[in-house]
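Here are some notes for a colleague who is opening this structure for the first time. They are set out as numbered points, to be read with the model in view.

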Amino acid sequence: MMKIAVVMGSKSDYPKLEKGIELLEMFGIKVVARALSAHRTPKQLTTFLNEIENDTDVIIAAAGKAAHLPGVIASHTLIPVVGLPIKSSTMDGLDSLLSIVQMPQGIPVATVTIDSGINAALMAAQIMSIKYPNIKEQLKSYREQMEQKVLDDDKNLRG
């Protein structure tokens with residue numbers, strides 16, 4: 001079964017993830033979404049990671065401010081983790097970005113742009129496409145659609 005877990009530090013992060021989740025589901029990927037905190041619910045987070053260890057291909061972890069969630073998750077599993085920095089009121093998301101991208105040697109987290117649930121979903125799908133050829137075909141089609149939209153927009157500019 002093709003499955004991605006999406007973990008966010010707070011329910012308020014969900015709007016940043018929603019379109020990416022919809023895209024993954026459109027690709028036929030099962031998505032399990034949870035709001036669990038590395039700091040406030042560490043026991044529940046660990047239990048969840050143990051539960052998904054054998055049937056999940058990629059984890060998307062979204063977090064703001066100190067943004068420890070992706071790194072904590074990566075330290076507890078060998079499932080690839082895609083970190084999604086969430087813009088906070090403090091430093092426009094730069095704090096989150098730096099916290100996620102500066103992981104210590106040996107515990108990698110792939111990191112995408114601030115607030116980009118779509119890029120997190122696409123990165124997770126690309127990782128999965130190594131194992132699932134049908135996802136690779138869907139990603140090709142998605143890129144062709146993006147290309148056509150730009151070409152259509154260009155054509156409309158010229159009248």
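1. A place to begin is helix α3, which spans residues 69–76 and whose buried residues are L69, P70, G71, I73 and A74. Please keep in mind throughout that this is a predicted model, and that the values below are computed from it.

2. What covers the buried residues of α3? The cover includes the strands β1 (3–8), β3 (58–64) and β4 (81–86), together with the helices α2 (42–52) and α4 (94–101).

3. One of the buried residues of α3, L69, is also among the contacts of L36, a residue placed in the loop between β2 and α2. Leaving aside residues up to four places away in sequence, L36 touches V7, M8, G9, T41, Q44, L45, F48 and L69. With a relative accessible area of 4%, L36 is buried, and its C-alpha atom lies 5.3 Å from that of G9, although L36 and G9 are 27 residues apart in sequence.

4. G9 appears again at the largest pocket, where G9, S10, R40, A63 and G64 are the closest to the centre among the 16 residues of the lining. The space in this pocket comes to about 260 Å³, and its lining is made up of six nonpolar, seven polar and three charged residues.

5. Which residues form the aromatic pair? The count comes to one such pair, and it is formed by F27 and Y142, whose rings are 6.3 Å apart centre to centre, with 85 degrees between the planes, an edge-to-face arrangement. Because F27 lies in the loop between α1 (14–26) and β2 (30–35) while Y142 belongs to helix α6 (residues 133–157), the pair ties together parts that are 115 residues apart in sequence.

6. Are the two partners of this pair buried or exposed? F27 is buried, with a relative accessible area of 5%, and Y142 is likewise buried, with a value of 18%; since buried means under 20% relative accessible area, each of these values falls within that class.

7. As for annotation, the UniProt record, an unreviewed entry, carries the label "domain: PurE" over residues 2–150. Over that range the chain in this model is 48% helix and 18% strand, and the C-alpha atoms at its two ends are 31 Å apart.

Note on methods. Residues are numbered from 1 along each chain as its sequence is written. This is a predicted model: local features need pLDDT of at least 70, side-chain atom pairs count only at pLDDT 80 or more; totals for chains, interfaces and linings use all residues. Side-chain values use heavy atoms; hydrogens and water are left out. Rings of Phe, Tyr and Trp (its six-membered ring) pair if their centres lie within 6.5 Å; planes under 30 degrees apart count as stacked, over 60 as edge-to-face and the rest as tilted. Helices (H or I, at least four residues) and strands (E, at least two) are DSSP runs, numbered from the N terminus. Buried means under 20% relative accessible area, exposed over 50%, partly exposed in between (1.4 Å probe, protein chains only). UniProt positions are given in the numbering used here, feature names are shortened, and annotations may be inferred rather than shown by experiment. On a 1 Å grid over the protein atoms alone, a cavity is a set of points where a 1.4 Å probe fits but cannot get out, and a pocket is an open set with protein on both sides within 12 Å along at least five of seven lines; lining residues have an atom within 4 Å of a point. Grid points are joined across faces, edges and corners, and a volume is the space filled by probe spheres set on the points. Ala, Val, Leu, Ile, Met, Phe, Trp, Tyr, Cys and Pro count as nonpolar, Asp, Glu, Lys and Arg as charged, and the others, Gly among them, as polar. Contact means heavy atoms within 4.5 Å.
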